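Dear colleague,

Please find below the structure that I agreed to hand over to you. My notes on what was found follow after it.

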Amino acid sequence: MTTDAPPPESVADVRPAGPTTETFVATQESAEFGELRRTHRSFAFPLTVAFVLWYLLYVLLSNYAGGFMGAQVYGHINVAFVFGLAQFVSTFLIAWFYSRHAAAKLDPRAEAIKSRLEADA
């Protein structure tokens, strides 16, 4: 059965007007947004580079320094096992440090920018 009547208007279809493209561009070019981006990058990039180098060191030592990586540390635990566990520990530490950094320095600034964008809409 077909009708020519338009579909009923629902609450989900009614959305508040969002910020314009010009508002987004102006916000992106603002000093405040640039500072937010700089703060994020100054934390994330060095930590990413350090972790990738640490991971590559582990891989290279595993491939080319078998004697060193096979050295017993305690009982049947060798250097390779300790380094492997340290990879997991460093991953969780980086995530924890980043969450603290974001909560303290990034989130308040991002929320201020978001609030201003929503207020201008």
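**A leucine and its surroundings**

Leucine 85 is found in helix α4. Please bear in mind throughout that the model is predicted. Leucine 85 is partly exposed, since its relative accessible area is 44%, and values from 20% to 50% are counted in that class.

Leucine 85 also belongs to a nonpolar patch on the surface, together with Val73, Tyr74, Ile77, Phe81, Val82, Phe88 and Phe92. The accessible area of these residues together is about 870 Å². Which elements each supply at least two residues of the patch? They are β1, which spans residues 72-74, and α4. The largest share, five residues, comes from α4.

**How two helices pack**

Helix α4 covers residues 79-120, and helix α2 covers residues 31-64. The two pack at an angle of about 175°, and their axes are 10 Å apart. Because an angle over 145 degrees counts as roughly antiparallel, α2 is described as roughly antiparallel to α4. In the contact of α2 with α4 there are 19 nonpolar residues, along with seven polar and five charged ones.

**Salt bridges**

How many salt bridges does a search of the whole structure find? The search finds four, and three of interest are described here, beginning with those of glutamate 35.

The side chain of glutamate 35 meets that of arginine 38 in a salt bridge, with an N to O distance of 3.3 Å. These two residues are separated by about one helical turn, because they stand three residues apart in helix α2. Glutamate 35 is partly exposed, at a relative accessible area of 34%.

Glutamate 35 also forms a salt bridge with the side chain of arginine 109, at 3.8 Å from N to O. This pair links distant parts of the chain: glutamate 35 lies in helix α2 and arginine 109 in helix α4, 74 residues apart. Arginine 109 is partly exposed, with a relative accessible area of 31%. Glu35, Arg38 and Arg109 are thus linked in a network of salt bridges.

A further salt bridge joins the side chains of lysine 114 and glutamate 118, with 4.0 Å from N to O. Both residues lie in helix α4, four residues apart, which is about one turn of the helix. Lysine 114 is partly exposed, and its relative accessible area is 42%.

With kind regards

Key
Residues numbered from 1 in each chain as written. Predicted model: local features only at pLDDT ≥ 70, side-chain atom pairs only at ≥ 80, totals over all residues. Heavy atoms only, no water. Axes fitted to C-alpha atoms, helices over the stretch in contact; angles between N-to-C directions. Parallel < 35°, antiparallel > 145°, perpendicular 65-115°, else oblique. Nonpolar A, V, L, I, M, F, W, Y, C, P; charged D, E, K, R; others polar. Patch = residues over 30% accessible without salt bridge, like charges linked within 9 Å, V, L, I, M, F, W, Y side chains within 5 Å. Areas by Shrake-Rupley, 256 points an atom, 1.4 Å probe, with all protein chains shown as cover. Buried < 20%, exposed > 50% of the residue type's maximum accessible area, 1.4 Å probe, protein only.
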